[in-house]
Amino acid sequence: RTDLSDYLNQRKLETPQGRGPDRVVLVEEPSFSGQARLELVQQATKTIEVAYYSIQHDDQAGAAFYNALLQAADRNVKVRVLIDGMVNMGFKKSPYRNALTSHPNIQIKFYEPLSPLKPWRFQNRLHDKILLIDGQMLLTGGRNVGERYYLQDDPMAVYDRDILLMHV
């Protein structure tokens, strides 16, 4: 487990004289990237805005992320989720679907869901990877939510980077 504050302190993010309080951190370590998402969601007090191409509903990373969103919503944090409508079609069978869609503090939208009546939508995919917490902390980059993005020993591992922008 990597603590977000320890990670940031290790990178010596003290405020330079004559500069504003904003910070940018390059997040290269896959395991920290997954943990950072969970800790950011846990720190939310007002809003969570999520836009992802893919959030796995059938692995531990996706389950942990969905659970963190549910816990935040239970704390009265407003959660809005936008996910790609084609890649996440399996979400309809997910055990999290009912819990998330029925929660009064969670809104889930699907971007351009697959429809045989609208074939022109097939190429319109949502490739964003955005997690915005309280309008103050933004984690974005190349990683979706799933084990293959956070575990280096996964046979389907994806090597990518994220950046964490903070207005403190």
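## A mixed sheet, its helices and a salt-bridge network

Across the protein the mean pLDDT comes to 84, with 86% of the residues reaching 70 or more. The model is a predicted one, and confidence isn't spread evenly along the chain. It bottoms out in helix α1 (residues 4-10), where the mean is 60, and peaks in β2, at 97.

The sheet makes a good starting point. Seven strands come together in an open sheet with mixed pairing, and reading across it gives the order β1-β7-β6-β5-β2-β3-β4. At the edges sit β1 (22-27) and β4 (106-111), each of which pairs on one side only. Neighbouring strands in this sheet are turned against each other by 10° on average, direction ignored.

Some of the pairings can be followed residue by residue. Strands of a sheet pair through backbone hydrogen bonds, in either a parallel or an antiparallel way. Starting from the β1 edge, β1 and β7 run antiparallel and are joined by six bridges; here V25 has L164 of β7 as its bridge partner. Next along, β7 is also joined to β6, again antiparallel, by five bridges, and G141 finds its bridge partner in D162 of β7. Then comes the pairing of β6 (residues 137-141) with β5 (residues 129-133), an antiparallel one with four bridges. In that pairing, L132 is matched with L138 of β6.

Strand β7 deserves a second look. In a regular strand, side chains alternate between the two faces of the sheet. That pattern shows up along β7: D162, L164 and M166 point to one face and are buried, whereas I163, L165 and H167 point to the other face and are not.

Two helices can be placed against the strands. Helix α2 packs on the sheet and touches β1, β2 (47-52), β5, β6 and β7 (162-167), with its direction at about 150° to that of β6. Helix α3 (residues 60-74) lies across β2, β3 (78-84), β4 and β5, and runs at about 155° to β2. Both β2 and β5 therefore appear in the contact lists of α2 and α3.Helix α2 can be checked for length as well. With 14 residues (30-43) at 1.5 Å a residue, α2 should span 20 Å, and its end C-alpha atoms are indeed 20 Å apart, which agrees. How many of the residues of α2 are buried? The count is 11 of 14, so α2 is mostly covered. The buried set starts with P30 and goes on through F32, S33, G34, Q35, A36, R37, L38, E39, L40 and V41.

One of those buried residues, R37, leads on to the salt bridges, of which the model has five. The side chain of R37 meets that of D162 in a salt bridge, with N and O 3.2 Å apart. Since D162 lies in strand β7 and R37 in helix α2, this pair ties together parts that are 125 residues apart in sequence. Both partners are buried.

D162 has another partner too. It forms a salt bridge with R143, where the closest N and O atoms are 3.0 Å apart. R143 lies in the loop between β6 and α5, and D162 in strand β7, so the parts tied together here are 19 residues apart in sequence. D162 and R143 are both buried. Taken together, R37, R143 and D162 are linked in a network of salt bridges.

Another salt bridge brings R161 and E28 together through their side chains, at 2.8 Å from N to O. The two come from distant parts of the chain, 133 residues apart: R161 is in the loop between α5 (147-150) and β7, and E28 is in the loop between β1 and α2. Are R161 and E28 buried or exposed? Neither label fits, because buried means under 20% relative accessible area and exposed means over 50%. R161, at 48% relative accessibility, counts as partly exposed, and E28, at 39%, counts as partly exposed as well.

Finally, there is K93, found in the loop between β3 and α4 (97-102). With a relative accessible area of 77%, K93 is exposed. K93 and D58 are 35 residues apart in sequence, and their C-alpha atoms are 9.9 Å apart in space.

Notes: Residues are numbered from 1 along each chain as its sequence is written. This is a predicted model: local features need pLDDT of at least 70, side-chain atom pairs count only at pLDDT 80 or more; totals for chains, interfaces and linings use all residues. Side-chain values use heavy atoms; hydrogens and water are left out. The expected span of a helix is 1.5 Å times one less than its number of residues. Buried means under 20% relative accessible area, exposed over 50%, partly exposed in between (1.4 Å probe, protein chains only). Two strands pair if DSSP finds at least two bridges between them. Axes are lines fitted to C-alpha atoms, for helices over the stretch in contact, and angles run from 0 to 180 degrees between N-to-C directions. Contact means heavy atoms within 4.5 Å. pLDDT is the predictor's confidence in each residue, from 0 to 100. A salt bridge is a side-chain nitrogen of Lys or Arg within 4 Å of a carboxyl oxygen of Asp or Glu.
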